[in-house]
Amino acid sequence: DYKKKDERIILIKNKNNKGTFMARNIGVLYAKGRYIILPDPDDILLKGIISFCYNNAEKFNYEIIRFTTYDGNEKLGYAKYVQKLGNKPVYYPLLSTNIFYGYGELEMIDYSINNKFIKTKAYIKALNCLNNFYFSMHMIYLEDQLMNYILLTKANSFYFSKRIGYYYLKNEMSITKNKKKMTKIRIKFIFIYIKIVFEYSKNTKYEKDMFNHL
């Protein structure tokens, strides 16, 4: 119905369920804009957050802007760092180095993808590092962590904003709430995640320090 009202909307329908990870990546490859944002279907983007991110990204050439998530009770995603740091830009190589070691102020970086405003070219550059894995795996757990990890080790700039831009709606019917199912899923995808991350980091200066990250 929305597509009929607005020609800018492109509806992409996969023949079978490919999971969140592949569906997002297919959408990004169809995207024509300079920036992308990847909200979950049952959450809400707050009014003004896209224009806020766009204006800052254009003015300061930020590749990734991370805004704050709210769930009705508290600010999510390292709330104490929101208060401590406020608005702060971080640049390469400080950004990528701290992803591995987790020291200092970069502990503020979380592993959600839905609270990020991302330059499309930066996301595609991250996809290219995955060697087509992003189209071969029905990944439904740790997919956010994987993309954040690759994105943040490759990004030239990252801006941490204390502005609340995302309202997280708790869904008691989601797969992550099913403890029996999630136990098996977690074990499977934890090993897949570790394998991909090690393969990606092979022959880099970080290879010997990968366990600090994991």
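**Notes on a predicted model**

1. Let's start in helix H6, where Thr120 is found. Bear in mind throughout that this is a predicted model. Thr120 is buried, with a relative accessible area of 7%. Leaving aside neighbours within four places in sequence, Thr120 is in contact with Val28, Gly33, Arg34, Tyr35 and Ile36.

2. Two of those contacts lead to other features worth a look. Val28 is one of the buried residues of H2, along with Gly19, Phe21, Met22, Arg24, Asn25 and Ile26. The cover over the buried residues of H2 includes strand E1 (35–37), H6 and H7. As for its geometry, H2 has 12 residues and spans 17 Å from its first C-alpha to its last, close to the 16 Å expected at 1.5 Å a residue.

3. Tyr35, another contact of Thr120, belongs to an aromatic cluster with Tyr54 and Phe117. A search of the whole structure finds 4 aromatic pairs. In one of them, Tyr62 and Tyr159 are stacked, with 4.8 Å from centre to centre and 5 degrees between the planes. Tyr62 lies in the loop between helix H3 (49–60) and strand E3 (64–70), and Tyr159 in strand E7 (residues 157–167), so this pair ties together parts that are 97 residues apart in sequence. Tyr62 is buried at a relative accessible area of 4%, and Tyr159 also counts as buried, at 9%.

4. Now for the nonpolar packing. The largest nonpolar core has 32 residues, and the members that touch the most others are Tyr123, Leu130, Leu146, Met147 and Leu151. At least two residues of this core come from each of helix H2 (19–30), helix H6 (120–128), helix H7 (143–154), E7 and helix H8 (179–201). The most is given by H8, with 7 residues. There is also a second, separate core of 11 residues, which includes Tyr35, Phe52, Phe67 and Tyr166. Tyr35 thus appears both in that second core and in the aromatic cluster.

5. Which residues are linked with Arg24 in a network of salt bridges? The partners are Asp40 and Asp144. The side chains of Arg24 and Asp40 meet at 3.0 Å, N to O. That pair links distant parts of the chain, with Asp40 in the loop between E1 and strand E2 (44–45) and Arg24 in helix H2, 16 residues apart. With Asp144, the closest N and O atoms of the Arg24 salt bridge are 2.6 Å apart. Arg24 lies in helix H2 and Asp144 in helix H7, so the second pair ties together parts that are 120 residues apart in sequence.

6. The burial of this network may interest you when you set up charges. Arg24 is buried, with a relative accessible area of 13%, and Asp144 is buried too. Asp40, by contrast, counts as partly exposed, at 22% relative accessibility.

7. Finally, a look at the charges towards the start of the chain. Among the 4 salt bridges of the structure is the one between Arg8 and Asp6, whose closest N and O atoms are 2.7 Å apart. Arg8 counts as exposed at 69% relative accessibility, while Asp6 is partly exposed at 21%. A charge over a ring can be found here as well: the charged end of Lys5 sits over the ring of Tyr2, 5.7 Å from its centre.

Methods: Residues are numbered from 1 along each chain as its sequence is written. This is a predicted model: local features need pLDDT of at least 70, side-chain atom pairs count only at pLDDT 80 or more; totals for chains, interfaces and linings use all residues. Side-chain values use heavy atoms; hydrogens and water are left out. Rings of Phe, Tyr and Trp (its six-membered ring) pair if their centres lie within 6.5 Å; planes under 30 degrees apart count as stacked, over 60 as edge-to-face and the rest as tilted. Helices (H or I, at least four residues) and strands (E, at least two) are DSSP runs, numbered from the N terminus. Buried means under 20% relative accessible area, exposed over 50%, partly exposed in between (1.4 Å probe, protein chains only). A charge sits over a ring if NZ of Lys or CZ of Arg is within 6 Å of the ring centre and within 35 degrees of the ring normal. A nonpolar core is a set of buried Ala, Val, Leu, Ile, Met, Phe, Trp, Tyr and Cys residues joined through side-chain atoms within 4.5 Å. The expected span of a helix is 1.5 Å times one less than its number of residues. Contact means heavy atoms within 4.5 Å.
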